[in-house]
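Student: I would like to work through this model step by step. Can we start with the helix packing?

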Amino acid sequence: MNHHQVQTLAEAVQRNCHISDARHGGDYSLCIYLMKMREYYRWEKRLPLGAALEKDAVGEWLAEREALWDGLAEAELAPVEIEGEAFDPFDADAINARLAPQGLVYSSGLGHQAKPHFFLGDLERCAVNGDCSVYVSAGEYARDLTAPPAMSLGKTIFLRRESLRRMLWEKLESWRWSRPDNALGRAFACYAFDTDFEAALSAMADREIDHALLHEQGEHQAGLLLGDNDWGQMLLDLAQTPAELMARAVRDHLADSLVTLPRLLESVDTAAQPAALHFYVGNLTNMRKSIFPSLAVAYESWRRDGDLAELRQLAERGREHWQTLGAAMLALHQERAGDAAGAIRELVSARHL
């Protein structure tokens with residue numbers, strides 16, 4: 001593909017991103033929305049991380065973007081056209097079969113509250129890991145308001161280096177407001193952010209992209225245990241309810257108990273590298289922390305005694321606990337379908353670990 005063709009493709013993918021944002025931009029609280037829009041502006045304008053933003057310029061851009069979204073709120077997602085051939089925008093496998101040989105990578109899928117995600121970027125590398133194909137992207141040409149650094153689609157895993165770097169930077173900037181003594185701060189303290197920001201960010205991104213792969217491998221295994229199709233239908237029926245957040249948290253914990261935690265604990269034990277474990281705990285969502293309170297207890301025990309035994313035992317217990325809970329959630333959904341949200345919320349609330 002020449003430059004013009006890539007630009008045309010990027011514009012088409014970006015339009016679908018805009019349609020998704022038009023439909024779901026209101027899903028966020030005002031504070032989160034404005035934070036995401038500032039980051040989105042910085043990405044779109046190709047500004048360096050940490051560059052000062054002009055208030056008037058951001059305000060004007062925000063008004064223009066919301067006007068654009070108003071005009072696209074009822075629009076349909078368009079096919080992705082590559083050299084005269086049209087593809088369903090959710091058929092990432094077929095699209096990447098055409099794009100990967102040309103050094104590009106495309107992803108599509110549904111995130112929180114069934115929000116469609118799309119992106120187009122430079123292909124950094126493609127590999128096979130077990131029975132999964134792994135695509136790692138570098139710079140991105142098209143993306144939506146939310147840019148998840150990692151996503152699994154069946155047997156394909158997408159890792160987005162640029163999105164990961166931005167996510168790490170955002171978390172660092174937020175932590176720096178008050179510099180609390182917490183797991184996230186301990187993770188950042190393992191890198192020389194105050195003396196060599198770029199080197200520190202690159203080093204952290206290199207490490208965390210490997211750990212994002214571990215989580216997605218766990219997601220794949222969790223899908224085999226729980227059934228991707230049944231789980232996906234349940235998430236759609238639970239969309240925009242507290243039960244959806246619980247379901248995602250349960251599956252994330254299962255994935256991490258299967259793969260991420262055991263591998264992280266192995267690396268901490270053998271290489272004395274605590275940064276990854278600090279970041280893992282510090283990066284947990286509030287929902288994940290609330291349904292897995294014993295994880296915080298085991299983490300503090302390791303901090304106090306330097307002994308990983310409690311965390312290892314917890315990972316082993318977690319595999320059975322989260323799989324059993326996930327299966328019970330699926331059974332409730334099969335029984336009650338679209339009316340299962342309340343029962344699933346009560347079930348998860350009663351079975352914290």
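Student: At what angle do the axes of helix H1 and helix H3 cross?
Tutor: This is a predicted model. H1 covers residues 3–24 and H3 covers residues 55–72. Their axes come within 8 Å. The crossing angle is roughly 90°.

Student: Is H1 roughly parallel or roughly perpendicular to H3?
Tutor: Angles from 65 to 115 degrees count as roughly perpendicular. The axes cross at roughly 90°, so H1 is roughly perpendicular to H3.

Student: Which residues of H3 make the contact with H1?
Tutor: H1 contributes Arg-15, His-18, Ile-19, Asp-21 and Ala-22. The contact residues of the two helices divide into five nonpolar, one polar and three charged. On the H3 side they are Arg-65, Leu-68, Trp-69 and Leu-72.

Student: Within what arc do the buried residues of H4 fall, seen down its axis?
Tutor: H4 spans residues 92–99. Its buried residues include Ala-92, Ile-95, Asn-96 and Leu-99. Asp-93 and Ala-97, on the other side, are exposed. The buried residues line one face of the helix, because they fall within an arc of 95°.

Student: How many disulfides are there?
Tutor: A disulfide needs two cysteine sulfur atoms within 2.5 Å. For Cys-132, the nearest cysteine sulfur is that of Cys-126, 12 Å away. Cys-132 is in no disulfide. By this rule the count is zero.

Student: Is Cys-132 buried or exposed?
Tutor: The cut-off for buried is under 20% relative accessible area. Cys-190, at 39%, counts as partly exposed. Cys-132 has 4%, so Cys-132 is buried.

Methods:
Residues numbered from 1 in each chain as written. Predicted model: local features only at pLDDT ≥ 70, side-chain atom pairs only at ≥ 80, totals over all residues. Heavy atoms only, no water. Buried < 20%, exposed > 50% of the residue type's maximum accessible area, 1.4 Å probe, protein only. Axes fitted to C-alpha atoms, helices over the stretch in contact; angles between N-to-C directions. Helix = DSSP H or I, 4+ residues; strand = E, 2+ residues; numbered from the N terminus. Parallel < 35°, antiparallel > 145°, perpendicular 65-115°, else oblique. Contact = heavy atoms within 4.5 Å. Nonpolar A, V, L, I, M, F, W, Y, C, P; charged D, E, K, R; others polar. Arc of directions from axis to C-beta.
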